[in-house]
Structures are given as structure tokens and as C-alpha cells.
Amino acid sequence: MKTIKKAGIGFLILGLTYLGIMFFPTILFAHKIEYKQCTVYSDRNIDAEIYGIIDSALVRMSTSELYDTTQHFRLFLCNDLWRFGFFTQGSTLADAVAQYDLTRNIFFRPCDIPNHKIIPPNEWYFAKNPFSFNDRPLWYYFAHEMTHVMQSRYTGRGSWNYPTWLTEGYADYIGKGGNFNFRENLALWHDRAPELDPSKGLYRLYHLKVYYLMQTKGYNIQAIYQNIPDDAALTAELWNLPVPENEDLK
Ligand SMILES: [Zn+2]
């Protein structure tokens with residue numbers, strides 16, 4: 001009985017320690033820069049290219065109706081994979097994780113800052129495919145994850161109340177900053193291309209849905225959140241759109 005009690009206390013202390021580090025992660029990051037609305041922490045020296053990457057991300061975010069210049073963001077660059085796994089409960093294959101239901105801190109997997117790239121694991125379906133990387137430089141990941149934090153500030157914590165297509169589709173819509181060809185992606189979807197299959201790790205189908213609602217139907221993001229379309233109906237509506245022959249719908 002005593003052993004069980006001791007083990008219980010041991011687990012409790014471990015759990016509280018883990019939670020404490022989750023709320024105060026800076027103790028595991030020795031380097032830091034502050035720039036505009038971002039504080040970037042890292043476990044290594046931070047290359048000066050970071051300033052341009054933040055600038056590029058903020059330009060995209062400033063196009064969002066959820067953005068304002070008083071918002072602050074905390075980004076943590078994990079060059080050590082174990083550190084990334086520690087803060088993401090073992091999700092070492094993820095690109096980045098925004099804890100938007102808890103601390104609103106954002107953790108990134110190992111990055112190549114001088115070359116503005118995330119370093120993908122070999123396990124990614126598109127790890128070696130330049131088509132899926134050219135439109136995802138490091139500023140895209142920064143803007144995508146910071147958009148999740150803006151979504152969480154707008155809706156309140158509780159991301160489980162919102163469909164994945166909206167959460168991820170809007171983060172990509174902002175994160176890619178207009179670098180998205182509606183016609184091309186609609187055609188790829190009709191061709192059942194893996195790029196439009198979210199289970200392969202890309203959000204192009206979700207982006208297509210949000211793009212359609214905002215650009216074609218003219219809703220703003222607040223209107224979408226107030227009256228979230230049914231996914232099946234939206235998918236059918238989008239699927240039945242004629243694929244435009246020209247670039248008019250770009
Ligand atoms: Zn995301």
C-alpha cells in the first residue's frame with residue numbers, strides 16, 4: 001500500500017513538473033530575440049535571417065481580419081528533436097505545434113533559418129517533393145501557426161468546437177499569403193491528386209474550401225465563424241463547381 005502511495009506521489013510530482021515546464025518553457029531555451037510582435041526563443045544561436053522571416057510572416061498575417069498590431073506571439077525553435085517531442089507530447093513528425101488551447105506558445109521542429117526552410121523528416125509523404133515545399137518556406141510555417149493563435153484569441157480556447165477544415169484551411173489561407181491557385185488546386189482535386197488528400201499531410205483541400213467561401217462567395221472570416229457551413233454540403237458544392245479552363249478564377 002505504501003509503495004502504491006509513494007508511486008502515486010512520484011507521478012504527481014512528475015506531472016506537476018511537466019506542467020510547470022509547459023507553462024515556463026523558457027528555462028529550456030538559452031537564446032532569445034525580440035522583434036516587432038514576436039519573441040523568438042531557441043536552443044541555439046538565432047541566425048539574423050530570422051528578422052526577414054518574421055517580417056514576411058507578419059505581412060501575411062496583417063491581411064487577416066483577426067490581426068491587430070497589439071497581439072504578441074511566442075515562438076520556440078527546437079533544433080533538438082527531443083526538445084520538440086517533449087513540448088509536443090511526442091509529435092516529432094509534426095512541422096510545428098501551436099498550443100492554442102493552453103499556453104498559446106508555438107513550437108517548431110528543427111529549422112534551417114539561413115535558407116528559410118523547415119527540415120522535414122524522411123517520413124513525410126512529400127518530404128522530397130519540391131512542389132509541396134516551394135510554397136511553404138519558413139515564414140509560411142510562422143504565419144500559419146501564429147494564425148492559429150489569432151483564431152484562438154478570437155474564438156476563445158476550445159479548438160475542438162471548430163472543424164479542422166476551417167482551422168487549418170484559414171491558417172493556410174493566411175499563411176500562404178495569396179500564393180494559391182484556385183483553378184489548379186480544384187483540377188488536382190478532381191484528378192484525385194495526393195496533394196489534395198489531407199491524410200498525406202497537406203491542407204490544400206481545406207485551403208480550397210476557405211478560399212471558395214472568402215474569395216468566391218465573399219464571406220469574411222467572422223461571418224464564417226458565426227455560421228459555419230456543413231462540411232458535407234460545402235464539399236459537394238465545391239466538387240460540383242466546373243473546373244475553369246482559364247486563369248479567371250485564380
Ligand atoms: Zn495548423
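**Exercise 1. Strand pairing**

Find in which sense β2 and β3 pair, and over how many bridges.

*Solution.* Work in the predicted model shown above.
Step 1. Compare the directions of the two strands: β2 and β3 pair in the parallel sense.
Step 2. Count the bridges between β2 and β3: there are 5.
Step 3. Pick out one pair of residues. T39 stands opposite R74 in β3.
Step 4. Check the surroundings of β3. Of its 5 residues, 4 are buried, so β3 is largely enclosed by the rest of the structure.

**Exercise 2. The hairpin**

Describe how β1 joins β2, and state which residue of the hairpin takes a positive phi.

*Solution.* Step 1. Locate the strands. β1 covers residues 31-35 and β2 covers residues 38-42.
Step 2. Give the direction and the count: the two strands run antiparallel, joined by 5 bridges.
Step 3. Name a partner. K32 has Y41 of β2 as its bridge partner.
Step 4. Look at the turn. The hairpin has 2 residues between the strands, and K36 takes a positive phi near 50°.

**Exercise 3. The whole sheet**

Give the strand order of the open sheet, then work out which strands stand at the edges.

*Solution.* Step 1. Write the order of the 5 strands: β1-β2-β3-β5-β4, with mixed pairing.
Step 2. Find the ends. β1 and β4 (96-98) each have a single partner strand, so one side of each is left without a neighbour in the sheet.
Step 3. Add the twist, which averages 15° from one strand to the next.
Step 4. Add the helix. α5 packs on the sheet and touches β3, β4 and β5 (105-108). The direction of α5 makes about 20° with that of β4.

**Exercise 4. Two helices**

Classify the crossing of α5 and α6 by angle and by hand.

*Solution.* Step 1. Take the axes of α5 (residues 138-155) and α6 (residues 164-175). They come within 8 Å and cross at roughly 130°.
Step 2. Apply the class: this angle makes α5 oblique to α6.
Step 3. State the hand. α5 passes α6 in a right-handed crossing.
Step 4. List contact residues. α5 contributes Y140, A143, H144, T147, H148 and Q151. α6 contributes T167, Y170, A171, D172, I174 and G175.
Step 5. Sort them by class: the contact has 5 nonpolar, 6 polar and 1 charged residues.

**Exercise 5. A loop residue**

Decide whether L66 is buried or exposed.

*Solution.* Step 1. Place L66: it lies in the loop between α2 (50-61) and β3 (73-77).
Step 2. Count its surroundings. L66 has 20 other C-beta atoms within 10 Å, so it is buried.
Step 3. Name its contacts beyond four places in sequence: M150, Q151, Y154 and I221.
Step 4. Compare sequence with space. L66 and I221 are 155 residues apart in sequence, yet 8.0 Å apart in space, C-alpha to C-alpha.

Conventions: Residues numbered from 1 in each chain as written. Predicted model: local features only at pLDDT ≥ 70, side-chain atom pairs only at ≥ 80, totals over all residues. Axes fitted to C-alpha atoms, helices over the stretch in contact; angles between N-to-C directions. Parallel < 35°, antiparallel > 145°, perpendicular 65-115°, else oblique. Left-handed = near helix turned anticlockwise from the far one by under 90°. Contact = placed C-beta atoms within 7 Å. Nonpolar A, V, L, I, M, F, W, Y, C, P; charged D, E, K, R; others polar. Buried ≥ 20, exposed ≤ 12 C-beta atoms within 10 Å, placed from the backbone. Pairing = 2+ DSSP bridges.
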